[in-house]
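This report describes the fold and the local geometry of one protein chain together with its ligand. The account begins at the ligand and then turns to the sheets, the overall dimensions and the backbone.

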Amino acid sequence: MSVARDKEKDSRLTGPYDSLRDFVHAIEARGKLMRLKEIDQDRYEATGVMYRLIDKYGYEDAPALLIERMKIDGKWRNGPVVANLYGNWDIEALPWGVEDIGDNDEQMYRATRDKLMTRIDHAGNWMKIKPVHVEPDHAPCKEVRLTGNDIDLLRFPWLKNNPADAARYINTGAVFMHDSRLGANVGTYRCQIKGKNKIGLNPEPGQDGWRLLMGMKRRGDRACRVSIAVAVDPAVWSVSSTKMAGFGESEIEIAGGLRGKPIELVKSETNDIMVPAHAEMIIEGEVPLDQAEDEGPYGEMYGYLGLMKRNNFFVNITAVTHRRSPMFFNSFTGVAADMPKGPSCAAEYHRYRKLIPGLKAIYTPRGANGVSLVSIDKRFPGEGMAAGQAVAANPGLNKVVIVVDKDVNILKPLNILHVLGARWQPSASVVIPQTQMRMPDPSMQTTGITSKMIIDATQQLPGEGGPDIWPPVSRVLLEEKCPDLLDEIDRKWPDYLAGWMK
Ligand SMILES: Cc1cc2nc3c(=O)[nH]c(=O)nc-3n(C[C@H](O)[C@H](O)[C@H](O)COP(=O)(O)O)c2cc1C
């Protein structure tokens, strides 16, 4: 295919997308989706496939997964169920309208980050576009409407990921709530399937959703109405599953701003909450605030089984509406990548670039929650450690902050191990004995309290106790002498492979 036609194909593929299915279609068209016809989840086959994909290809290269039909609780249930949608940087680039999508991770990371930074204003806030309202007849999420005895959540392909989980879970819902005094909130909290018309709800203490429910409960309200949008477009998914809005700030306006186009909302059937019209399914219900039930245990984001949560929230379902053949999105929590990285990378880069003069990139690798990698263009002694201190001061995902020089591609975690072996002296590090971190890190003795470490793995200058002269990097010398070499190898790559994969 000619370069011109390639570009035409990519510009048609790139977002913004109204729906999850449009995004999945684009992923498949880029050749990054593995489609499986049937999987027996009573034998945890889908979870096994997901583990193996990550084992074989790593977080950066494992494809998205689409399973057409699943055996669950002895019955075959129609999907499709999709998973691992946010693993590769070219796929992360798609929803935001990045042009010239290609396979170079570093370029795609930068293009995604830079595109999303155009959606942040000078004060560092996400730009907002107000949603528009559509009539129910124009809302795909209303093609089928179920109320009363017709509601049966058990017949949909929600997965039990691990035999140790308490039950099957809806783990990618965008939970919409509204309170006349506290405002609106959208957040993703796992929902344990408890029966045909009952699910658990797990906003962790401190989350905005938890604050809203607790605020209403303290005031003496008996119930909070919720509508849960399942399998939403990437912009709504980003605002729902990652921290992008302050308490009371409109996540849906931020989602509109992210994609440069309003989100289309439609009124729920049994409450006044407005929900994304292009979601695959909406589950409506009421959270009783004067009752509570145990929930979990569940395999959590760090890859460990969390404890059962005593006296957690739950939802009595009042309506389910969905597309005629809905698509489902499962989080293999702690196994695969479900959290969009683009918006958080853009927001962090925007924030830290003011504090760290030579900042090149900042990134937490998938599968390495708690490790923050920072690359800088270092000019003066002390800059590496200063950069690490700026990042560690934030209570986010940064128990270990590793600062490296600008020539290190931090998107490839192996490079970091190389640098630790070859460029770093352990004396160039500090430990903060006790500080804050709001993450479910299983090594923390007290929730929210952690120690932290800053590793300055930049080449130490003589003024910092480093060697007088650092030897030149062999690969750089090769690339200087043979500037076309690696491109040529890439071109011939299929021929080399032919000599191996017969
Ligand atoms: C797949 C997935 C599942 C999640 N499950 C939970 C959960 O069960 N409880 C929770 O508090 N946060 C969970 N999160 C993180 C929240 O969705 C995220 O912190 C969000 O910003 C919370 O919204 P809020 O700040 O409006 O409360 C999950 C994130 C993802 C990507």
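In this predicted model, strand β8 (183-187) and helix α6 (208-219) each contribute at least two residues to the shell around the ligand. The ligand is surrounded by 20 residues, and the closest are G187, T188, E204, Q207 and D208. Sorted by class, this shell holds 12 polar, five charged and three nonpolar residues.

Strand β8 also takes part in a strand pair. Its partner is β7 (residues 173-179), to which it is joined by five bridges in the antiparallel sense. Within this pair, M177 stands opposite N185 of β8. The connection from β7 to β8 is a hairpin of three residues.

Elsewhere, five strands form an open sheet with mixed pairing, in the order β18-β19-β20-β22-β21. The edges of the sheet are β18 (359-363) and β21 (429-436); each has a single partner strand, so one side of each is left without a neighbour in the sheet. From one strand to the next, the twist averages 20°. Strands of a sheet pair through backbone hydrogen bonds, in either a parallel or an antiparallel sense. In this sheet, β20 (residues 400-405) and β22 (residues 449-456) pair in the parallel sense, with four bridges between them. The bridge partner of V400 in β22 is M453.

The protein chain as a whole contains 13 helices and 22 strands. Its radius of gyration is 24 Å, close to the 23 Å that the globule rule gives for 502 residues, so the chain is as compact as a globular protein of that length. Taken along the principal axes, the C-alpha atoms fill a box of roughly 75 × 55 × 45 Å. Of the 502 residues in the chain, 43% are buried.

The domain assignment divides the chain into domain 1 (3-105), domain 2 (132-329), domain 3 (356-471) and domain 4 (473-502). The centres of domain 1 and domain 4, taken over C-alpha atoms, are separated by 29 Å.

The backbone geometry remains to be considered. Most residues other than glycine have a negative phi, and most peptide bonds are trans. The table lists departures from these two patterns.

| Site | Feature | Angle |
|---|---|---|
| G15 to P16 | cis peptide bond | omega near 5° |
| G296 to P297 | cis peptide bond | omega about 5° |
| Y44 | positive phi, not a glycine | phi about 60° |
| N311 | positive phi, not a glycine | phi near 50° |

For the cis peptide bonds, P16 is found in the loop between α1 (3-13) and α2 (20-29), and P297 lies in the loop between β15 (293-295) and β16 (309-322).

As for the residues with positive phi, Y44 lies in the loop between β1 (33-40) and α3 (45-61), whereas N311 is found in strand β16. Are these two residues buried, partly exposed or exposed? Y44 counts as partly exposed because it has 17 C-beta neighbours inside 10 Å, a count that falls between the limits of 12 or fewer for exposed and 20 or more for buried. N311 has 9 C-beta neighbours inside 10 Å and therefore counts as exposed.

Notes: Residues are numbered from 1 along each chain as its sequence is written. This is a predicted model: local features need pLDDT of at least 70, side-chain atom pairs count only at pLDDT 80 or more; totals for chains, interfaces and linings use all residues. A residue is near a molecule or strand if its C-beta atom, placed from the backbone, lies within 6 Å of it. Ala, Val, Leu, Ile, Met, Phe, Trp, Tyr, Cys and Pro count as nonpolar, Asp, Glu, Lys and Arg as charged, and the others, Gly among them, as polar. Two strands pair if DSSP finds at least two bridges between them. Axes are lines fitted to C-alpha atoms, for helices over the stretch in contact, and angles run from 0 to 180 degrees between N-to-C directions. Domain bounds come from an automatic or database domain assignment. The radius of gyration is taken over C-alpha atoms; the globule rule is 2.2 Å times the number of residues to the power 0.38.
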